[in-house]
Amino acid sequence: MIDDSPTFTPLSPAIGMEVHGIDMSRPAPPDIIARLNEALSHNSILLFRDQDLAPERHIAFSRYFGELEPHVADQYNMPGQPEIFIVSNVVENGREIGARGGARHWHSDYSYRERPSLGSLFHCLECPPEGGQTQFASMYTAYEALPDEKKELLAGVRAVHDYNYYWTNYTPHREPLTEEQRRQVPPVAHPALRTHPVSGRRALYLAHQVVSHFEGMEFEESQEIIEEIVSFATEARFVYTHEWRPGDVIFWDNRSSMHRVLPFDEERHRRRMHRTTLKGDRPYLAPLPDEAGKAA
Ligand SMILES: [Fe+2]
């Protein structure tokens, strides 16, 4: 059982904490889980170094934070343990063991679900000597830095997240989704700004290439706005770039951050990562305190 309280050191000015004193392979009591939950909700990503984490323990530790949801592209889920989604370019017995490449566009996991993911726990088993980093952008600080007119625009629109649109248009290197997989992920609209259910802060909630358009707005106009907002929200001042080491685990909050992978030489180097994905709540946007006052 983990018995010492964890300590935290910042990873970057905008986002993230490194957590010290947690061995994820051991059971954790509720007060420590509560501290980690709080830290995640305020800092958006938590890094745990030097974790020796078998898939069963990865799943068990993740379940402290909620219900797990296997990925719709179930050909990349671990055989016998579908809660682990494998992201890898490794080929074994003539078969790709995981989703190759990772996602190179800025996104939030499962944003295309009616109840998108709360957070994901990503464990590095093998990584290339260069490239293959994951970048994380804080949607809290990006939102806060937006000009007022953009905040107002985004507060009034709902973005349509469409996984079929993404898979069809942006993943030519992967096999097409089956009819059954497509049926599981119909387009869904979420507010472009959301209130974090734990911290109460507002965050930008978009996903590049997964959001096809804003409800009631033409495709071209929507795409123009999405491009503009996402490039603003992912400026270097809002971003932390993580250089992976085997044994690293990052727990990221999908409600307040976006992430993407940087390219690496996939012909020469191996990258093997295991991910669990926590189910979250339906996104909502609560009025700001002064707006609530006006309405009353
Ligand atoms: Fe992702």
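**Exercise 1.** Are H107 and D109 buried or exposed? Place them in the metal site of this predicted model.

*Solution.* Start with accessibility: H107 and D109 are both buried, which means that each has under 20% relative accessible area. Next, list the protein donors of the iron ion: NE2 of H107, OD of D109 and NE2 of H259. These donors lie 2.1 to 2.2 Å from the iron ion. Finally, write the donors in chain order, which gives the spacing H-x1-D-x149-H.

**Exercise 2.** Work out which strands stand at the edges of the open sheet of three strands.

*Solution.* First, take the strand order, 15-9-17, with antiparallel pairing. Strand 15 (239-242) and strand 17 (257-261) each have a single partner strand, so each has one side without a neighbour in the sheet, and these two are the edges. On average, neighbouring strands in this sheet are turned by 20 degrees against each other, direction ignored. Then check the pairing of strand 9 (residues 134-138) with strand 15: the two run antiparallel and are joined by four bridges. One pairing to locate is T134 with its bridge partner H242 in strand 15.

**Exercise 3.** Describe the largest nonpolar core and find what F214 touches.

*Solution.* The largest nonpolar core has 55 residues. Those with the most contacts inside this core are M139, L154, Y163, L204, L206 and F214. Helix 7 (residues 219-233) supplies the largest share, six residues. Now follow F214, leaving out residues up to four places away in sequence: its contacts include L154, V157, L206, I225 and I226, and also R158 and S222. A second, separate core has 28 residues, among them M24, A28, L36 and L40.

Key: Residues numbered from 1 in each chain as written. Predicted model: local features only at pLDDT ≥ 70, side-chain atom pairs only at ≥ 80, totals over all residues. Heavy atoms only, no water. Donors = N, O, S within 2.8 Å, 3.2 Å for Na, K, Ca; no water. Buried < 20%, exposed > 50% of the residue type's maximum accessible area, 1.4 Å probe, protein only. Pairing = 2+ DSSP bridges. Axes fitted to C-alpha atoms, helices over the stretch in contact; angles between N-to-C directions. Core = buried A, V, L, I, M, F, W, Y, C linked by side-chain atoms within 4.5 Å. Contact = heavy atoms within 4.5 Å.
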